[in-house]
Amino acid sequence: MSGFGLKIALLFCLLAAGPLLSGQEQIPPITLHMDQKSMKEVLGQIEEQSGLSFSYNSRLIDPEEELSIHVDQVSLEEALSILFKGQRISFEVVEQQVVLKRARGRKVKEEAVELKDSTLVVAVKYTLSGFVKDSRTGEVLIGATITKAGGAVGTITNSYGFYSLTLQREVEELICTYVGYQKDIRAIHSPENQSVHFSMEKKLTYIKEVSIYSDELENMIRTTRSSEERINPESVRKMPALFGEKDVIKSLAAVPGVKFFGDGSTIFFVRGGGRDQNMITIDEAPVYNPTHMLGYFSTVIPDAIKDVKIYKGDFPANYGGRLSSLIDIRTKDGNMNHFGMDGSVGLLSSRLSLEGPVWKEHISFFASGRRSYITRPLQNWNPNINDLHFSDLHLKLNYNINSKNRLFFSIYRGEDNFEAQSRPDFSTGINWKNRTTTLRWNHLYSDKLFSNLTLLGSSYDYRLYMNLEENDYWNSSIENLTLKYDFTHYLNPNNTLRYGLLVAGHKYDPGNIYKGGVEWDPGYDLSVRYTREFAMYLSNQFIINNTVSIRAGLRITAWQNMGPSTEYQVVQTSNGGIERDSIAVREYPDGEVYHQSFAVDPRISMVWQPGLKNIFKLSYSRTSQFQYLITNSISPFTSLEVWLPAGPNVPPQYANQFTLGYTRRFAIPGLSLDLEAYYKRMNKLIDYRDHAHMLMNPLVEEELLFGEGEAFGLETILNKERGKLRGWVSYTYSRAIYQVNGINGGVPYPAYSDRPHDFSLYLSWAFHPRLTLSSNFIYMTGAPFSSPTGFYYYDNHQVPSYAERNNDRLPDYHRLDLALNWQLSSPERKYQHELIFSVYNLYNRINPVALHFNKITDESGNFVVPVDFYSNPELLSSQYYLYGIVPSVSYHFNF
């Protein structure tokens, strides 16, 4: 690590730990020589010398009362005792404030000190902590707000539903609020360390909403984070969807700054980054290919999801490894009290979820599965299809050992399979699998120190079958095993410290051929790669006062390439070429560390809330990435792709991002406006030289080129979260420009994610207690692509010539979707079921996903691939699109 890196690390460590150090400073002695000055002026002098501020009721003292006071180098307690001599005024130091109040009998445990007829009261600190859960299911609630009655002091629950709140003054009540739930109030009978748990009840549709808006506004300074969005799984269920298949990943299209490829794809780009710069995790385990049916659907079952957060910047320090975004998905824990079932039947697939207690209030389970059944319908269209299906399985066990210990065990399994009869004697196919496993242990070391130990593993395996009968296939895979230990230290209501460690191992198979299930030797070595990763991280959120909050964090990562491995040392020339005479082969034995990389990633953000309804946000974050995806196509309708690690020939990527945001909360409950501008600079971006050979290439690094990119934009969204009419309208203007030596003559060119204008409108209208109509409109600038700059003839073939990268655009993309949710049962019934009617692409917009330059028109005007090259046919451009209007119906039930 460079000296500059060490200085940066030290700086951010001091920033993160600053409140810890400042909290231990002694109050300096007070010196006052004031004659005939007002009480307000005297208190102002004490504030200036002590660094504290006063809080009092104007009826308690007269700020304009004139007095004289002379003291030299006395303690704060002595100065205040002299100042209030003869008055029944007590005072106590609470954090950075001196609170003045009427002296009287108190219930709080205090130490009373008599000083010159005045009483100094020093309150004893005590901590209230506990969990917030759903009263019906026992599921912990993430991000619930806990506050003391009549004040803005509060906190929020973490990812496991835990909170800790340290107080210095007696409170009579503690209030918990959570969107979609009724407010819960708990009485506090004594000011001592104790557990206070909340059991929240969901609001039924026929119950008038109880407004908790003012409580939420007061605590937004604690909950607001730059570039963070939260997706409500219930909202996803009501959104129109292709073939009625509700899709959490595709719902992100409504999030400003997230741009999807287009129809039939779950591939997305965030703030100008590449598709491999987004990390999707399920219960903390990464999913490397979150798609089904070559991108038509995502791997996540909506019924299994409890919480979804997306970070587009200002990443939490405990997350790293990607440049652009993190999609953090948490699955349901399982009902601790009652058995339940949830299911859905659609046109393409069905899903079923089961949950319930194994040991009531101690052990619960959750299981959710999905399977498609589209093979038979497709066989009517193409009898050569033997099989086409996808499946998902989520399983989770939740063991509440005692009040201080809890275990979670969860797995996910997803699979896609396609088989087709190529000839009577053999068939071909594609198969890929995603697997994740997570074991987590929550432990409370004290009321203020929460810990989570996680052991997780994930893998992605892809097979391209050349001959199913002979078991001949090409196979690529990636695996990882990770151990991490996270701590959250609730030092006080205004200071929360988070820190932890991570150790991980990764394995990459770049793709090898197997004949009869046995690895085939192609005559050159496509070596499996092994890497180790070590990371430590620290972050601190501290509330300076009721208007300013600061988060400072630091993540330090060490990346090691290990043997056994075969590396081809490639030397890049200044113009992006390869010195082929300099290529050398190196063999590394098992366990040898032959290359290391380091990254120091600081993150800092500030939130300023000058009033209840206005919030300003500012952030800077640096992110690093040590894994990259290589593929032979920009099309999303292929999963023929390979993951490889950074190493001797490929440096890590890194990005620096700055954001500036503003949030306005209006008087209408649930109505808000968010604006956020960003600028992101990316370095060591990977692109491919023209006509790159990516697969089965031991020198794949020679096909890679490295450059820089910049992305900037302004994201706006007007959101209404309450009432019969809900929804949002958003608009984003953004640009993403790359510059890579060896591409486009070194001239900057638009990235594939460069779609300047992006507009979306989503509305949900509950016009009847059982009927909800929802609509979704999307418009965005067409995606850039490389079109021919000319044509030439070679051996009677007309050949397109490409001289520029991404020099053209597809037509603008837009569509309108509608859905009607018909609730068939009343809210109080145990058995709930509904019908969902939806129309995807209502006005039958033709949105092309690709343009081809390899066809001519026949006598009937149809596009065909030419076969007679002696006539020198003129090639024409043709558009390829997936579908027009798609109606669907599905049935959903739960009890």
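**Gln 657, Lys 309 and the strands around them**

Trainee: Gln 657: buried or exposed?

Mentor: Gln 657 is buried, with a relative accessible area of 3%. Keep in mind that this is a predicted model.

Trainee: Where is Gln 657 placed?

Mentor: Gln 657 sits in strand S43, which covers residues 653-665.

Trainee: And what does Gln 657 touch, not counting residues up to four places away in sequence?

Mentor: Its contacts are Arg 271, Lys 312, Gly 313, Ser 619, Tyr 620, Ser 621, Tyr 678, Tyr 679 and Lys 680. Take Tyr 679 from that list: Tyr 679 and Gln 657 are 22 residues apart in sequence, and their C-alpha atoms are 5.7 Å apart.

Trainee: Arg 271 is on that contact list. What is its phi?

Mentor: Near 50 degrees, so Arg 271 has a positive value although the residue is not glycine. Arg 271 belongs to the loop that runs from strand S18 (268-270) to strand S19 (278-282).

Trainee: How accessible is Arg 271?

Mentor: Arg 271 has a relative accessible area of 1%, and because buried means under 20%, Arg 271 counts as buried.

Trainee: What about Asn 844 and its phi?

Mentor: Phi of Asn 844 is near 55 degrees, again a positive value in a residue other than glycine. Asn 844 is in the loop between strand S55 (832-840) and strand S56 (850-857). Its relative accessibility is 40%, so Asn 844 counts as partly exposed.

Trainee: While we're on backbone: which peptide bond is cis?

Mentor: The bond from Gly 563 to Pro 564 is cis, with omega near 10 degrees. Pro 564 lies in the loop between strand S36 (548-562) and strand S37 (565-569).

Trainee: New topic. How many residues are in the largest nonpolar core?

Mentor: That core has 44 residues, and the members touching the most others are Leu 252, Val 258, Phe 268, Ile 327 and Ile 329. Two or more residues each come from strand S17 (258-260), S18, S19, strand S23 (305-311), strand S24 (325-331), strand S28 (385-402) and strand S49 (771-780). There is also a second, separate core of 27 residues, including Ile 630, Trp 643, Leu 695 and Leu 704.

Trainee: Back to Ile 327. What is in contact with it, leaving aside neighbours within four places in sequence?

Mentor: Leu 252, Phe 268, Met 279, Ile 280, Thr 281, Val 308, Lys 309 and Ile 310.

Trainee: Lys 309 is in that company. Where does the charge find a partner, and which side chain of opposite charge is nearest?

Mentor: Lys 309 is buried and has no salt bridge. The nearest side chain of opposite charge belongs to Glu 228, 4.5 Å away. The salt-bridge cut-off is within 4 Å, so that pair does not count. Leaving aside neighbours within four places in sequence, contacts of Lys 309 include Glu 228, Glu 229, Arg 230 and Asp 328.

Trainee: Which strand holds Lys 309?

Mentor: Strand S23. S23 is part of an open sheet of five strands, in the order S16-S23-S24-S19-S20, with mixed pairing. Its edge strands are S16 (228-231) and S20 (285-287), each of which pairs on one side only. On average, neighbouring strands of this sheet are turned by 25 degrees against each other, direction ignored.

Trainee: How do S23 and S24 run?

Mentor: S23 and S24 are antiparallel and are joined by six bridges. Ile 305 stands opposite Thr 331 in S24.

Trainee: Last strand question: how covered is S12?

Mentor: Mostly covered: S12 spans residues 173-177, and four of its five residues are buried. S12 pairs with strand S9 (residues 145-148) in the antiparallel sense over four bridges, and Lys 148 has Leu 174 as its bridge partner in S12. S12 also pairs with strand S13 (residues 184-187), antiparallel over four bridges. There, Glu 173 is bridged to Ala 187.

Trainee: What lies between S12 and S13 in their hairpin?

Mentor: Six residues, and Gly 180 in this hairpin takes a positive phi near 90 degrees.

Trainee: And the chain as a whole: how many helices and strands?

Mentor: Seven helices and 59 strands. The chain has 895 residues, of which 54% count as buried. Among contacts with a separation of 6 or more, 66% come from residues 24 or more positions apart.

Methods: Residues numbered from 1 in each chain as written. Predicted model: local features only at pLDDT ≥ 70, side-chain atom pairs only at ≥ 80, totals over all residues. Heavy atoms only, no water. Buried < 20%, exposed > 50% of the residue type's maximum accessible area, 1.4 Å probe, protein only. Core = buried A, V, L, I, M, F, W, Y, C linked by side-chain atoms within 4.5 Å. Contact = heavy atoms within 4.5 Å. Pairing = 2+ DSSP bridges. Lys, Arg positive; Asp, Glu negative; His and termini not counted. Axes fitted to C-alpha atoms, helices over the stretch in contact; angles between N-to-C directions.
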